[in-house]
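Have a look at the chain below and turn it around a few times. We'll start with one helix, then step back to the whole thing and work through some details.

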Amino acid sequence: MAIPQAPKELKLDRETFMLMRHRKLEAYEKAYEIEIIGLNELENEKDRILKEEMTKINEEYDKKKKEFETQQKIERSTKINECRVRKMKKRDELLEQILKDGKQKLKDETCLETPEYKELIKQLIIQGMIKLMEPDLQLIVVEKDKKMVEEVLKECEKEYEELMKKETERDYKCTLRIDDTKKLEHEQECGGITLVTTDGRIVCVNTIASKLALVYEQLLPKIRGLLFPKMK
């Protein structure tokens, strides 16, 4: 007995179904592959972007850090310099006060016409005469010292002549007179004398204040060393 055969249409439908199923599977597999590839590319892109952003952040952080460190160094240096300036200012103020106190003490001591001050005036005049070595000199004096200076003029002329003869074996004479048109301020000069040539072109300042300033400048390094031994 013969086996009945399936209709030809049914056979074709089954083949079509299998073909379509196969193609669907291939499409699903292809879509899956594309999805996987897309996900990988997405992850790679995310990693790339993240890496770039992290690099930018690190660079920005390093930049800010350097700027902050530089600013700190500047501020620290500024504070150190300000501190040094304050110390130097205080030191200078103290030195100026020492000079001021010394000047005031000399003012007080030269206010009185003592024998010691009179002798000092005479020696200052002779010293100026030796420096200038002129035949005629005018003296500018403090008003209160005028009488005392007048009393020692002849002594000064005589001692100058004798001293120059002894030292040079030559005759040197000098005539002194007080210039009544000009006066020294005791408050400023602390006493002493100023000698001027008759033409007014050469001046020898031999005031107490000028001597104090000279001694102060000469001894200033030593004074600083005594007062500020650890300061440079």
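Where in H5 does a kink lie? The kink, of about 55°, is at Leu219, shortly before the proline Pro221. A bend at a residue here is the angle between axes fitted to the seven residues ending there and the seven starting there.

Before going on, a word on what you're looking at. This is a predicted model, where local features need pLDDT of at least 70, side-chain atom pairs count only at pLDDT 80 or more, and totals for chains, interfaces and linings use all residues. Residues are numbered from 1 along each chain as its sequence is written, and side-chain values use heavy atoms, with hydrogens and water left out.

Back to H5, which covers residues 208–227. Its 20 residues have end C-alpha atoms only 25 Å apart, short of the 28 Å that a straight helix would reach. The expected span of a helix is 1.5 Å times one less than its number of residues. The buried residues of H5 are Ile208, Ala209, Leu212, Tyr216 and Leu220. Buried means under 20% relative accessible area, exposed means over 50%, and partly exposed is in between (1.4 Å probe, protein chains only). An α-helix has 3.6 residues a turn, so residues three or four places apart point the same way.

**The whole chain**

The chain has five helices and four strands, and from the N terminus on they run α-α-β-α-β-α-β-β-α. Helices (H or I, at least four residues) and strands (E, at least two) are DSSP runs, numbered from the N terminus.

What radius of gyration does the chain have? The value is 53 Å, whereas a compact globule of 232 residues would be near 17 Å. That radius is taken over C-alpha atoms, and the globule rule is 2.2 Å times the number of residues to the power 0.38. Along the principal axes, the C-alpha atoms fill a box of roughly 180 × 35 × 35 Å. Buried residues make up 23% of the 232 residues. Take the contacts between residues at least 6 apart in sequence: 75% of them join residues at least 24 apart. Contact means heavy atoms within 4.5 Å.

How confident is the predictor? The mean pLDDT of the chain is 85, and 94% of its residues reach 70 or more; pLDDT is the predictor's confidence in each residue, from 0 to 100. Among the elements, helix H4 (residues 186–189) has the lowest mean pLDDT, 72, and strand E2 (residues 175–178) the highest, 96.

**Two more helices**

Now compare H5 with H2 and H3. Here are their lengths and spans side by side.

| Helix | Residues in helix | Span, first to last C-alpha | Expected span |
|---|---|---|---|
| H2 | 18 residues | 26 Å | 26 Å |
| H3 | 23 residues | 31 Å | 33 Å |
| H5 | 20 residues | 25 Å | 28 Å |

H2 runs over residues 115–132, and its buried residues include Tyr117, Ile121, Leu124, Ile125 and Met129. H3 bends by about 40° at Val152, and Val152 is also one of the buried residues of H3, along with Met148, Val149 and others. What do the buried residues of H3 pack against? They pack against H2, E1, E2 and strand E3 (192–197).

**Loops and single residues**

H2 is followed by Met133, which lies in the loop between H2 and E1. Phi of Met133 is near 50°, a positive value in a residue other than glycine. Met133 counts as partly exposed because its relative accessibility is 39%.

Glu169 comes just after H3, in the loop between H3 and E2. Its phi is positive too, near 60°. With 67% relative accessibility, Glu169 counts as exposed.

Is Asp145 buried or exposed? Asp145 is buried, because its relative accessibility is 0%. You'll find Asp145 in the loop between strand E1 (136–141) and helix H3 (146–168). Leaving aside neighbours within four places in sequence, Asp145 is in contact with Tyr117, Gly191 and Gly192.

Finally, look at Asp101, which sits in helix H1 (residues 8–110). Asp101 is partly exposed, with a relative accessible area of 45%. Asp101 and Gly200 are 99 residues apart along the chain, and their C-alpha atoms are separated by 33 Å.
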